[in-house]
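Visitor: Could you pick one small spot in this model, look at it closely, and then walk me outward from there? I'd like a single connected tour rather than a list.

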Amino acid sequence: MIGYYMIFGVIALISYLVSNNLEKKMQKYGQVRVQQSGKEVAEQMLRENGITDVSVLSTEGSLTDHYDPMKKTVNLSTPVFGQRTVAAIAVAAHECGHAVQHATAYSPLRLRSALVPAVNISNKFTPWILTIGILLLEVTPYLLGVGIVLFAITSLFSLITLPVEINASKRAVQWLDKAGIVDAQTKPMAVDALKSAAYTYVVAALASLATLVQYLLIFMRSRR
Ligand SMILES: [Zn+2]
């Protein structure tokens with residue numbers, strides 16, 4: 001068990017370093033000027049991909065950028081929406097990458113979207129079920145078992161998120177390159193910024209899997 005807590009310590013440390021790195025990269029590439037703003041790039045990318053029913057909106061906060069498949073909106077945080085920097089256009093194009101995935105029925109995205117309702121319910125109840133399940137372990141193993149199955153849905157979700165995110169970034173960079181929005185100098189910067197963002201999803205998936213394994217170990221130990 002001590003070894004296990006060490007794994008969580010290491011994951012927490014990596015998670016801190018990864019988000020720190022992302023912040024630094026966004027700051028750095030947020031200084032490099034380009035011709036278009038995030039909004040302009042997003043609108044052009046959607047248009048050139050034949051997407052006419054998705055609107056580009058500005059949303060409050062930073063790092064709040066996301067694509068909403070229900071409302072069909074690309075939501076860009078205020079700096080990404082308005083600024084003409086490598087960081088802004090990279091994030092804007094990435095979110096449009098999700099819109100393109102949606103328009104072309106990219107299957108990992110469909111699977112991920114299908115899991116959203118289950119994950120929302122699971123997130124609400126699973127911590128309680130797991131806690132009470134562990135407390136009642138002497139009486140019955142079933143509640144913990146149910147909690148583990150529910151938690152596995154969340155872990156699966158975080159794993160499916162990885163190809164979805166990596167693919168959106170790939171589409172973003174390919175299009176930025178093809179449309180001539182990035183050049184030999186700014187393309188590696190856009191790639192680097194998006195890679196830094198992808199690492200945060202990798203760490204989240206790892207943390208989720210480690211937690212799942214921890215509950216499985218508790219469950220199995222009680223069965224002996
Ligand atoms: Zn994304």
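Guide: Let's start at Ala105, which counts as exposed because just 8 C-beta neighbours fall inside 10 Å, and the cut-off for exposed is 12 or fewer. Keep in mind as we go that this is a predicted model. Ala105 sits in the loop that links H4 to H5. Its backbone is worth a look too: phi is positive, at about 55°, although Ala105 is not a glycine.

From that loop you can walk two ways, back into H4 or on into H5. Let's go back first. H4 covers residues 86-103, and it packs with H2, residues 38-48, at an angle of about 30° with the axes 8 Å apart. Angles under 35 degrees count as roughly parallel, so H2 and H4 are roughly parallel to each other. The crossing of these two helices is right-handed. On the H2 side, the residues that meet H4 are Gly38, Val41, Ala42, Met45 and Leu46. Facing them from H4 are Ala88, Ile89, Val91, Ala92, Ala93, Glu95, Cys96 and Ala99. Sorted by class, the residues of this contact come out as 11 nonpolar, one polar and one charged.

Some of those H4 names come back when you look at the largest nonpolar core. This core has 38 residues, and Ile89, Ala90, Ala92, Ala93 and Cys96 are the ones that touch the most other members. The elements that put two or more residues into this core are helix H1 (2-29), H2, strand S3 (73-77), helix H3 (78-82), H4, H6 and helix H7 (187-223). H4 is the biggest giver, with 11 residues. Ala90 makes a nice close-up within this core: setting aside neighbours within four places in sequence, Ala90 is in contact with Ala172, Ala190, Ala193 and Leu194.

Now back to the loop, and this time forward into H5. H5 runs over residues 107-135, and Leu111 is in this helix. Is Leu111 buried, exposed or partly exposed? Leu111 has 14 other C-beta atoms within 10 Å, so it is partly exposed. For a sense of scale, pair Leu111 with Ala12: these two are 99 residues apart along the chain, and their C-alpha atoms are separated by 28 Å.

H5 has a partner of its own. H5 and H6 (residues 142-178) pack at an angle of about 145°, with their axes 7 Å apart. The crossing of H5 past H6 is left-handed. The contact between H5 and H6 brings in 21 nonpolar residues, seven polar ones and one charged one.

H6 then leads on to H7. The angle between H6 and H7 is about 170°, and their axes lie 9 Å apart. Angles over 145 degrees count as roughly antiparallel, so H6 is roughly antiparallel to H7. By class, the contact of H6 with H7 holds 23 nonpolar, eight polar and three charged residues.

That leaves the strand part of the chain, where there's an echo of our starting spot. Leu63, in the loop between S1 and strand S2 (66-68), also has a positive phi, about 60°, although Leu63 is not a glycine. Leu63 is partly exposed because 15 other C-beta atoms lie within 10 Å. A bit earlier in the chain, Asp53 is found in the loop between H2 and strand S1 (55-59). Asp53 is exposed, as it has 8 other C-beta atoms within 10 Å. Asp53 and Thr73 are 20 residues apart in sequence, yet their C-alpha atoms are 8.6 Å apart in space.

Finally, step back and take in the whole chain. There are seven helices and three strands, and from the N terminus the order reads α-α-β-β-β-α-α-α-α-α. The C-alpha atoms fill a box of roughly 65 × 35 × 25 Å along the principal axes. Of the 224 residues in the chain, 29% are buried. And if you take the contacts with a separation of 6 or more, 73% of them are between residues 24 or more positions apart.

How values were computed:
Residues are numbered from 1 along each chain as its sequence is written. This is a predicted model: local features need pLDDT of at least 70, side-chain atom pairs count only at pLDDT 80 or more; totals for chains, interfaces and linings use all residues. Axes are lines fitted to C-alpha atoms, for helices over the stretch in contact, and angles run from 0 to 180 degrees between N-to-C directions. Helices (H or I, at least four residues) and strands (E, at least two) are DSSP runs, numbered from the N terminus. Angles under 35 degrees count as roughly parallel, over 145 as roughly antiparallel, 65 to 115 as roughly perpendicular and the rest as oblique. A crossing is left-handed if the near helix is turned anticlockwise from the far one by less than a right angle, and right-handed if clockwise. Two residues are in contact if their C-beta atoms, placed from the backbone, lie within 7 Å. Ala, Val, Leu, Ile, Met, Phe, Trp, Tyr, Cys and Pro count as nonpolar, Asp, Glu, Lys and Arg as charged, and the others, Gly among them, as polar. A nonpolar core is a set of buried Ala, Val, Leu, Ile, Met, Phe, Trp, Tyr and Cys residues joined through C-beta atoms within 7 Å. A residue is buried if 20 or more other C-beta atoms lie within 10 Å of its own, exposed if 12 or fewer, and partly exposed in between; C-beta atoms are placed from the backbone.
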